[in-house]
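Welcome! Take a moment to look over the sequence and turn the model around before reading on. The report below then walks through it one region at a time.

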Amino acid sequence: MLGAILRLRLRVLRRHLRLRLRGRRRRWSCRSRRGGGGEAGGEEEGAREPVLLVSGMGGSVLHARRRSDTKFDLRVWVRILLADLEFKKYLWSLYNAQTGYVESLDDDVEIVVPDDDHGLFAIDVLDPSWFVELLHLTMVYHFHDMIDMLLDCGYEKGTTLFGYGYDFRQSNRIDKAMAGLRAKLETAYKASGGKKVNIISHSMGGLLVRCFMSMNHDIFSKYVNKWICIACPFQGAPGCINDSLLTGLQFVYGFESFFFVSRWAMHQLLVECPSIYEMLPNPNFEWKEKPFVQVWRKNPEKDGTVELVLYEATDCVSLFEEALQNNELNYNGKTIALPFNMSIYKWATETRRILENAELPDTVSFYSIHGTSYETPYDVCYGSESSPIGDLSEVCRTVPTYTYVDGDCTVPVESATADGFPAKERVGVRADHRGLLCDENVFKLLKKWLGISENARGRVSKSQIMDMLPERTSDQVTLRRG
């Protein structure tokens, strides 16, 4: 058995080496075509403005380290083997209202984001194990294809290409995240010889960047040239986030889900995550149609008559409180209550104020890409007329149904395009939320906006691009489906 495993491992290493050599040859070929030789190609690379990739929710590798054992270092997110076990053991957390930070249930455990490879390692392949590479499990490939594309175009790690991963459990405005982003911007600025940075953010990473811009406007203006935002839930993700707080979140489906963190285990984490509360639908935003949470309930005051109760975004707090009042988990033999956390909700309300006060500096160009043509959860419904909910705590064990709108399966178009900035271009691409990170049409847009002359002539397929808008308009497609 051991011999078979070793032979398998050797085959994986050989394959990895071949891929690396192939990538180097491809990059050298790309440089030669651009500059007619190594020297000229190097001059063009030196002219590149640095790019910083910023990940979103669940888009960073997380390691657990023990304060009592400096040698202990275990990847706990993402991992395929023993995923659920290690997740519960090290990532389950409680919010500290005194500090604003989420802290692991085990006091000896510290969650860190590895900064290897100039920050790119943590956002590349989220489970970089030989097992994942062998089976080519692309479900954990995050910025991997985009990083390869940029390297092929002449960007160099540590000089013109950087990554920023962070502990996505925490608030998008927490001091550690803001300090880390500032440090990464300064590093990229200095490493490239004083050139301003072009940020490419994905999903919740856009909210983190927006918080930084709001709280550090002058610094943002000093270091940033362009901000390209992909699939950001500027006004929240109504269906997905409302349901996440009530029943959890599932990143993969089908057979692959057996190797991943369970929906229930994820739910127990998200109830204590400020970042999730910060993506609740914005109650101050003028939605074309307000998102609802619907519950079919028996009304005891009307002899058990079944009624459909509607909760608007502003009313959902009472639903969350009642549904989660008995929510708890068992950790090392101890029962820990995890109700809806009003302290986090108040923190998130202040975050929303900071986000709404953000202003784009005149010197920064903003570009936006959003996913379209996918059914995206909007309204959430629990129970049915024939099988109503009794006690609201039953909601947490109920499979919901959705009303859908146009979007990327996670973020509605209406939210992703409601940034309020004077965008240079705002483009919709037919791709889902994670698929946008490896979509060829997205890559063509990035090359165009980054000024990569080699591919500037490339045209984006009209069959894939749904709309190209210089600014938000009132006729965005938002088709509700029952």
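## Trp347 and Thr351

Neighbours within four places in sequence aside, Trp347 touches Tyr95, Gly100, Ser171, Arg173, Ile174, Pro274 and Glu278, where contact means heavy atoms within 4.5 Å. Trp347 belongs to helix α13; helices are DSSP runs of H or I with at least four residues, strands are runs of E with at least two, and both are numbered from the N terminus. Along the chain, Trp347 and Ser171 are 176 residues apart, yet 8.6 Å separates their C-alpha atoms.

Helix α13 covers residues 342-356 and also holds Thr351. Again leaving out neighbours within four places in sequence, Thr351 is in contact with Ser171, Arg173, Cys211 and Glu278. One of these links joins two side chains: Thr351 and Arg173 make a polar contact at 2.6 Å. A polar contact is a pair of N or O atoms within 3.5 Å; within protein, one must be able to donate a hydrogen and the other to accept it, and residues adjacent in sequence count only if both atoms are side-chain atoms. Thr351 counts as buried because its relative accessible area is 1%, and buried means under 20%, exposed over 50% and partly exposed in between, using a 1.4 Å probe and protein chains only.

## About the model

This is a predicted model, in which local features need pLDDT of at least 70 and side-chain atom pairs count only at pLDDT 80 or more, while totals for chains, interfaces and linings use all residues. Residues are numbered from 1 along each chain as its sequence is written, and side-chain values use heavy atoms, with hydrogens and water left out.

## The whole protein

The protein has 15 helices and 18 strands. Of its 482 residues, 55% are buried. How much of the contact total comes from residues 24 or more positions apart? Among contacts with a separation of 6 or more, such residues account for 76%. The accessible surface is about 21500 Å², and 50% of that belongs to carbon and sulfur atoms; these areas come from the Shrake-Rupley method with a 1.4 Å probe, and for residues only the protein chains shown count as cover.

## A three-stranded sheet

Strands β3, β2 and β6 form an open sheet in the order β3-β2-β6, with antiparallel pairing; two strands pair if DSSP finds at least two bridges between them. β3 and β6 are at the edges with a single partner strand each, so one side of each has no neighbour in the sheet. On average, neighbouring strands here are turned by 30° against each other, direction ignored.

β2 (residues 62-66) meets β3 (residues 69-77) over five bridges, and a hairpin of two residues connects them. With β6 (residues 109-112), β2 shares four bridges. Arg65 sits opposite Asp73 in β3, and its bridge partner in β6 is Glu110. Ala64, in turn, stands opposite Ile111 in β6. Helix α3 (residues 83-90) lies across β2, β3 and β6, running at about 125° to β3. For such angles, axes are lines fitted to C-alpha atoms, for helices over the stretch in contact, and angles run from 0 to 180 degrees between N-to-C directions.

## A four-stranded sheet

Another open sheet follows the order β11-β10-β15-β16, and its pairing is mixed. The edge strands are β11 (305-312) and β16 (401-407); each has a single partner strand, so one side of each is left without a neighbour in the sheet. From one strand to the next, the twist averages 30°.

Inside this sheet, β10 (residues 292-299) and β15 (residues 374-382) pair in the parallel sense over three bridges. Val293 is found opposite Val380 in β15. Helix α9 (residues 238-247) lies across β10, β15 and β16, at about 45° to β15.

## Nonpolar cores

A nonpolar core is a set of buried Ala, Val, Leu, Ile, Met, Phe, Trp, Tyr and Cys residues joined through side-chain atoms within 4.5 Å. The largest one has 101 residues, and those with the most contacts inside it are Trp77, Phe87, Leu185, Ile199, Phe220 and Trp227. Helix α7 (residues 205-215) gives the most to this core, with six residues.

What does Ile199 contact, leaving aside its neighbours within four places in sequence? The list is Leu52, Val54, Leu185, Val209, Phe220, Val224, Lys226, Trp227 and Ile228. Apart from the largest core lies another, of 31 residues, including Val51, Leu151, Ile200 and Leu437.
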